Amino acid sequence: MKAAPIGDALKNKTVALLFLNNSLRTRTSFDVGAKQLGGHAVVLSPSGGMWPLEFEDGVVMDGEAEEHVKEAAKVLSRYCDLIGIRAFPKFVDWKEDRKDRILNAFAKYADVPVVNMETITHPCQEMAHVMALQERFEKDGRGALDGKKFLLTWTYHPKPLNTAVANSALMIAAKFGMKPTLLCPTPDYVLDERYIAQATKDAEAHGNALTITHDIDEAYAGAEVVYAKSWGALPYFGNWEEEKPIRDLYRHFIVDEEKMAKTADALVSHCLPMRRNVKMTDAVFDSANCIAYEEAENRLHVQKAIMKALVG
Ligand code: CP
């Protein structure tokens, strides 16, 4: 897809892209990607005039929702060949959010393939990230991903953010044979056990181990990949006023030149959007080792491959 971007794999095909949350990269890359393959994208969002949807089964729909996901998914399946869903957690109760109800409701009721455009994981993002790592390590003559130390570091952000990118990053690093390390301020910031278990299993399958640490020096030492992301602590979902003073203590988790100097000339990236000089300093983000733009570009290529594989 990267070498030959224009094709007809999606000729006469239509993809519906449903955004329940904001987006710059995902919306643009899916839309452009579908067009580059001869297809057509319909972008839907509640703020763009779509009916508010109900996602629970068996409820009396006397609230805001005008339409049930069952009808929406089945009707879209009659018009479109694929449905993409972006639906972030509600950030009230992680026990509920971890069920990924909206994505699963579309998967249950749609008659066409459903693609996760970021819910509680962000698989397209992390496929693009791994592709960028493979490309740059190969270009620099540094070999394959296997055995490289991959550091996923929590960073400060003024708001509690989704764990989706972090979940997918940790899992894909382990799956591709890297040695995953998770750095976060306290045990409360460790990711959901489901993703820790999967990353542990995949790391062990490659003879590696998942390391979880709260020690910055230990985490950065010898890292060959640094990936920055902020997220809200799961035990505080819905109780952010209590979490905020704790989070505020860890502003120094910013990715800066001093920390990068401890690494083995690591490549560094972020999924974007990113608050400069809060999560990562300008000096690090604008350095030659940062592959964030390559990662963002690769969203286009990997998503085209996904769409072609599913409906092309
Ligand atoms: N990284 C990412 O998914 O970007 P958007 O939220 O802008 O789509």
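**Reading backbone and burial in a predicted chain**

Biologist: Asn12 sits in the segment that precedes strand 1 (14–19). What is the sign of phi at Asn12, and is this residue buried or exposed?

Modeller: This is a predicted model, and phi is read from it residue by residue. Asn12 is not a glycine, yet its phi is positive, about 65 degrees. For burial one needs a cut-off: a residue is exposed when its relative accessible area is over 50% and buried when it is under 20%. Asn12 has a relative accessibility of 70%, and therefore counts as exposed.

Biologist: Asp100 has a positive phi as well. Where does Asp100 lie, and is it buried or exposed?

Modeller: Asp100, again not a glycine, has a phi of about 50 degrees, and its place is the loop that runs between helix 3 (94–97) and helix 4 (101–109). With a relative accessibility of 13%, Asp100 falls under the 20% limit and so counts as buried.

Biologist: Turning to the peptide bonds, which residues does the cis peptide bond join?

Modeller: Here one reads omega, which is about 5 degrees for the cis bond between Leu272 and Pro273. Pro273 belongs to the loop that connects strand 11 (267–269) with helix 11 (282–285).

Biologist: How should I read a helix, and which residues of helix 5 are buried?

Modeller: An α-helix has 3.6 residues a turn, so residues three or four places apart point the same way. In helix 5, the buried residues include Cys124, Ala128, Met131 and Leu133, and also charged side chains such as Glu126 and Arg136. Its length can be checked too: at 1.5 Å a residue, the 17 residues of helix 5 (residues 123–139) should span 24 Å, and the end C-alpha atoms are indeed 24 Å apart, so the two values agree. After helix 5 comes Gly141, with a positive phi near 70 degrees.

Biologist: Stepping back to the whole chain, how many helices and strands are there, and how compact is the chain?

Modeller: The chain contains 12 helices and 11 strands. Its radius of gyration is 20 Å, close to the 20 Å given by the globule rule for 312 residues, so the chain is as compact as a globular protein of that length. Of those 312 residues, 54% count as buried.

Biologist: What share of the contacts joins residues at least 24 apart?

Modeller: Taking contacts between residues at least 6 apart in sequence, 79% join residues at least 24 apart. As for the surface, the accessible area is about 13,900 Å², with 52% belonging to carbon and sulfur atoms, while the mean positions of the 38 positive and 44 negative charges lie 4 Å apart.

Definitions and conventions
Residues are numbered from 1 along each chain as its sequence is written. This is a predicted model: local features need pLDDT of at least 70, side-chain atom pairs count only at pLDDT 80 or more; totals for chains, interfaces and linings use all residues. Side-chain values use heavy atoms; hydrogens and water are left out. Helices (H or I, at least four residues) and strands (E, at least two) are DSSP runs, numbered from the N terminus. The radius of gyration is taken over C-alpha atoms; the globule rule is 2.2 Å times the number of residues to the power 0.38. Buried means under 20% relative accessible area, exposed over 50%, partly exposed in between (1.4 Å probe, protein chains only). Contact means heavy atoms within 4.5 Å. Accessible areas come from the Shrake-Rupley method with a 1.4 Å probe; for residues, only the protein chains shown count as cover. The place of a charge is taken as NZ of Lys, CZ of Arg, CG of Asp or CD of Glu. The expected span of a helix is 1.5 Å times one less than its number of residues.
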